Amino acid sequence: MNLEQKVAELKKRNQLAEDGGGAKRRERQHKEGKMSARERIEFLLDEGTFEETDKLVTHRCNDFGMAEQKFYGDGFVTGYGRIEGRLVYLFAQDFTVFGGSLSETNAAKILKIMDLAAKIGAPLIGLNDSGGARIQEGVLSLAGYADIFLRNTLYSGVVPQISAIMGPCAGGAVYSPAITDFVLMVDKTSYMFITGPDVIKTVTHEEVTKEQLGGAMTHNETSGVAHFLAHDDAECLSMVRELLSFLPSNNLDEPPRKVCADPADRADAALDTMVPAQSNQPYDIKDVIHAVVDDAYFFEVQEHFAKNIVVGFARLDGRSVGIVANQPSVLAGTLDINASVKGARFVRFCDCFNIPLVTFEDVPGFLPGTAQEYGGIIKHGAKLLYAFAEATVPKITVITRKAYGGAYCMMDSKHIRTDVNLAWPTAEIAVIGAEGAVNIVYRRELAGENGDLRSQKIDEFKDRFASPFVAAEHGFIDDVIEPHERRGRLIRSVRMLETKVDTMPKKKHGNMPL
């Protein structure tokens, strides 16, 4: 072949690779409300920045008639590009080619991309839409998954790893996304499960649909496997771009900063009346968060799961921060198993990637009941305590109202290395609430007495033991501030802590209560 013929052959092969499984199969994707793999990449990345790798790879399997069925790229599109000018590595499974199934060769494509992401220090994004392991390749495809799992684990905490589930993801394939930092799912078109409805019906006689078993809402609301719910592919990919805007490229970088036009000294008078004076009255902690952060913008994570705790990203003076907050409007803001796990996972992510933590505390304690005790609230609650205690990033806590018992200790109190601890004048810091304490401490005195004496004792208890000024006298609270001062105080604290360096005792790793 002369040069002209070789160039023509190259163009032909490139075009075949870009065609994937062909126009008819792509049209089927569109009818199901899904983009093709290449359309997803084009939508996700900055225009014209995608550089494809291993475009002409084909599988090596010659059994079961596979020798005659070869597609360039082998069902996976891999490469790198830019999002808001920042380098990212990614792979997209092409369902039009062998159902996006994993083979020995396309697993090697992913491994190459993962290794590059770790070496260069750039986020890794997986766009998942696959029928699972390629049956015709047997153990070779399973080996490919195991190789991927290993790298997910080794590079955890090194570069951000994001999984967008945009179609099926079943069997062993679910464990790669499960190890990554964030999982996004598309409503009605994506699902994840270990064993499908047919197997479940055979083994346990339960009848369940794919959507009920592993749909996007199931994993966002019930299991907590997913972190974000999108209504279509475009929204999902836009969420990935938005999420990355808060994250550094790797564990050695600082989070990106944005120019902020929102005044650092802005005081919002509404904060002074936002928290009800009565400790048993609910309010929405998100209103408090919005009133404090830049431009009132809060990017919530796991919005639909364990709603009694709120986590997500925001900015203070243009700096990215992680927000953890009790939600008094759901279960009175108590901590339960799901809330503890949700909070711990988020805190550990922020600590991995140098994102300061801001905690808004209003917690009456742990959710009581046999279901919680039998489910292991002791063990799971300890995860949140462990996560806050081991975190070395800048940590700031504001107690807006209740801070009772062991929950006070674990919600990033001064005693577990938190740098700045503030309280509003409405804060109550005590072993238990004043009403419960009075019932125990003054039980004999109150026997047969009228309600006036009880009310008097409750007021006395609040002043003598639960007042934030008592904690401030002991140095457990750095300052008691007026609510409208919060934004300015938080921003000054974040600025002050910019160069913080904290260390852990030398060890391989701790033994978190899993």
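**Note on aromatic contacts and one helix pair**

1. In this predicted model, the charged end of arginine 315 sits over the ring of phenylalanine 246, at 4.0 Å from its centre. Phenylalanine 246 also belongs to an aromatic cluster, whose members are Phe182, Phe228, Phe246, Phe299, Phe313, Phe346, Phe349 and Phe353. A second charge over a ring is that of lysine 34, which lies over the face of phenylalanine 95 at 4.9 Å from the ring centre.

2. The count of aromatic pairs comes to 14. One of them joins phenylalanine 71 and phenylalanine 98, whose ring centres are 5.4 Å apart and whose planes stand at 90°, so that the pair is edge-to-face. Phenylalanine 71 lies in the loop between β1 (51-53) and β2 (76-83), and phenylalanine 98 in the loop between β3 (86-93) and α4, so the pair ties together parts that are 27 residues apart in sequence. With a relative accessible area of 21%, phenylalanine 71 is partly exposed.

3. Phenylalanine 228 and phenylalanine 299 form a stacked pair, with 5.3 Å from centre to centre and 25° between the planes. Because phenylalanine 228 lies in strand β9 (residues 228-230) and phenylalanine 299 in strand β10 (residues 299-301), this pair ties together parts that are 71 residues apart in sequence. Both phenylalanine 228 and phenylalanine 299 are buried.

4. The axes of helix α4 (residues 104-120) and helix α5 (residues 139-154) come within 8 Å and cross at roughly 10°; the two helices are therefore roughly parallel to each other. Residues making the contact include Ala107, Ile110 and Met114 of α4 and Leu140, Gly144 and Ile148 of α5. By class, the contact has six nonpolar, two polar and four charged residues.

How values were computed: Residues numbered from 1 in each chain as written. Predicted model: local features only at pLDDT ≥ 70, side-chain atom pairs only at ≥ 80, totals over all residues. Heavy atoms only, no water. Axes fitted to C-alpha atoms, helices over the stretch in contact; angles between N-to-C directions. Helix = DSSP H or I, 4+ residues; strand = E, 2+ residues; numbered from the N terminus. Parallel < 35°, antiparallel > 145°, perpendicular 65-115°, else oblique. Contact = heavy atoms within 4.5 Å. Nonpolar A, V, L, I, M, F, W, Y, C, P; charged D, E, K, R; others polar. Phe/Tyr/Trp six-rings, centres within 6.5 Å; stacked < 30°, edge-to-face > 60°. Buried < 20%, exposed > 50% of the residue type's maximum accessible area, 1.4 Å probe, protein only. Lys NZ or Arg CZ within 6 Å of the ring centre and 35° of its normal.
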